[in-house]
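Here is a short guided look at one protein chain, with its helices and charged pairs in view. Please keep the viewer open while you read.

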Amino acid sequence: MAAAVAAAPGALGSLHAGCARLVAACSARLCPGLRLPRSLAGRRVGPAIWAQGWVPAAGGPAPKRGYSSEMKTEDELRVRHLEEENRDCHQVFPCLKPFHVLLYPQHPCPSCQVDCSRGIVVLGINRAYGKNALSKNLIKMLSKAVDALKSDKKVRTIIIRSEVPGIFCAGADLKERAKMSSSEVGPFVSKIRAVINDIANLPVPTIAAIDGLALGGGLELALACDIRVAASSAKMGLVETKLAIIPGGGGTQRLPRAIGMSLAKELIFSARVLDGQEAKAVGLISHVLEQNQEGDAAYRKALDLAREFLPQGPVAMRVAKLAINQGMEVDLVTGLAIEEACYAQTIPTKDRLEGLLAFKEKRPPRYKGE
């Protein structure tokens, strides 16, 4: 890493190189046997990436995996509030603190008096042994997490991702489904549909980071999000007709709204699976990226988008989503009336006045969601 950053010209290059040496020394003391992935060497990365990016060096001890066949069921969904992790980043790498603002002006952290991730929440699915399939327990955990998030005013953007390489969500847990009686299947599918609907109705922007396989209910979960990004190597499709059933988690309704009725019918009738490039071409996803060495290219893009949303007014973001969602279900005249009603909600807010004052004073606004 030091060699890579030392090539940067001028004083900034020297500063990068000096910090790289400090990082190496600090990591040797705090995290022996670990190194940064090659793809991060010499890059300006935010504290969340520094904290997550360490991998075993050659001959070094491997960190304990977060999943196994003996994993506790409470670990199948991980809810991470990124500002809490960033708040501790200089406890892990204290040598970075003097350089952080200079090195990472776009992604400074609370320790540097500027917050880059406040309000970003990541829901990480972590059922490696079940290919992240939607089991009774996972649906229960998703429901609980969504219930807590929808009433949390501090939440600004939610990212749904997988913590299992190569898999986003393989759909319903068919092994568990095979053990259900006919009378149990319908109510369970209703629970899946209800949770996915709750995700679709979350008041803040939601992003699905598809870094791997997203089939059936897995794609329906992604379709419930406002924005979908995927790696080019990802595979996605509504494949239920292969099993003599139909999409039951909203797929027959959300896919046509995303890509049009005719193409949605074609994909559902054929149970066709698309890769990331094909999904981008038909409008199923917003961004497609080449997969990186760590297997989280879509997640990193989702983080970039989430940080792009953060400076905006929280109240405005919520009512804008409400206006768009409700307006898309009605005729234009009614939709414009919905927009007018939503706009009216922003007029008496303190944030609106702060935005005008910040514009006048030529400074970034300090919104409080009030």
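The report below takes two helices in turn, then salt bridges, then a surface patch.

This is a predicted model, in which local features need pLDDT of at least 70 and side-chain atom pairs count only at pLDDT 80 or more, while totals for chains, interfaces and linings use all residues. Residues are numbered from 1 along each chain as its sequence is written, and side-chain values use heavy atoms, with hydrogens and water left out.

**Helix H12**

Let us begin with H12, which covers residues 261-270. Helices (H or I, at least four residues) and strands (E, at least two) are DSSP runs, numbered from the N terminus. The buried residues of H12 are Ala264, Leu267 and Ile268. Viewed down the axis of H12, these buried residues fall within an arc of 95°, so they line one face of the helix. The arc is that of the directions from the helix axis to the C-beta atoms. In general, an α-helix has 3.6 residues a turn, so residues three or four places apart point the same way.

Here, buried means under 20% relative accessible area, exposed means over 50%, and partly exposed lies in between (1.4 Å probe, protein chains only). Turned away from the buried side of H12 is a face that carries the exposed residues Ser262 and Phe269. The buried residues of H12 pack against helix H11 (251-259) and strand S11 (274-275), where contact means heavy atoms within 4.5 Å. After H12 comes Ala271, with a positive phi near 55°.

**Helix H17**

H17 (residues 350-361) has 12 residues, which at 1.5 Å a residue should span 16 Å, and its end C-alpha atoms are indeed 16 Å apart. The expected span is 1.5 Å times one less than the number of residues in the helix. Buried in H17 are Asp351, Glu354, Gly355 and Ala358. These residues cover an arc of only 105° around the axis, which puts them on the same side of H17. Leu356 and Lys360 are exposed on the other side of H17. The partner for the buried residues of H17 is helix H15 (314-327), against which they pack. Lys362 follows H17 and has a positive phi, near 55°.

**Salt bridges**

The whole structure holds 12 salt bridges, each being a side-chain nitrogen of Lys or Arg within 4 Å of a carboxyl oxygen of Asp or Glu. Three of the pairs are set out here.

| Pair | Closest N to O |
|---|---|
| Glu329 and Arg257 | 3.2 Å |
| Arg272 and Glu266 | 2.8 Å |
| Arg363 and Glu361 | 2.6 Å |

Glu329 and Arg257 link distant parts of the chain, 72 residues apart: Glu329 sits in the loop between H15 and helix H16 (332-346), and Arg257 in helix H11. Both Glu329 and Arg257 are exposed.

How do the other two pairs compare with these cut-offs? Arg272 counts as partly exposed because its relative accessibility is 35%, and Glu266 is partly exposed at 37%. Arg363 counts as buried at 18% relative accessibility, whereas Glu361 is partly exposed at 45%. Elsewhere, salt bridges that share partners join Glu76, Arg127 and Asp173 into one network.

**A nonpolar patch**

Leu174, Leu243 and Ile245 form a nonpolar surface patch, together offering about 270 Å² of accessible area. Patches are made of residues with over 30% relative accessible area and no salt bridge, like charges being joined within 9 Å and nonpolar side chains (Val, Leu, Ile, Met, Phe, Trp, Tyr) within 5 Å. Accessible areas come from the Shrake-Rupley method with a 1.4 Å probe, and for residues only the protein chains shown count as cover. Leu174 lies in helix H8 (residues 174-178) and, at 47% relative accessibility, counts as partly exposed.
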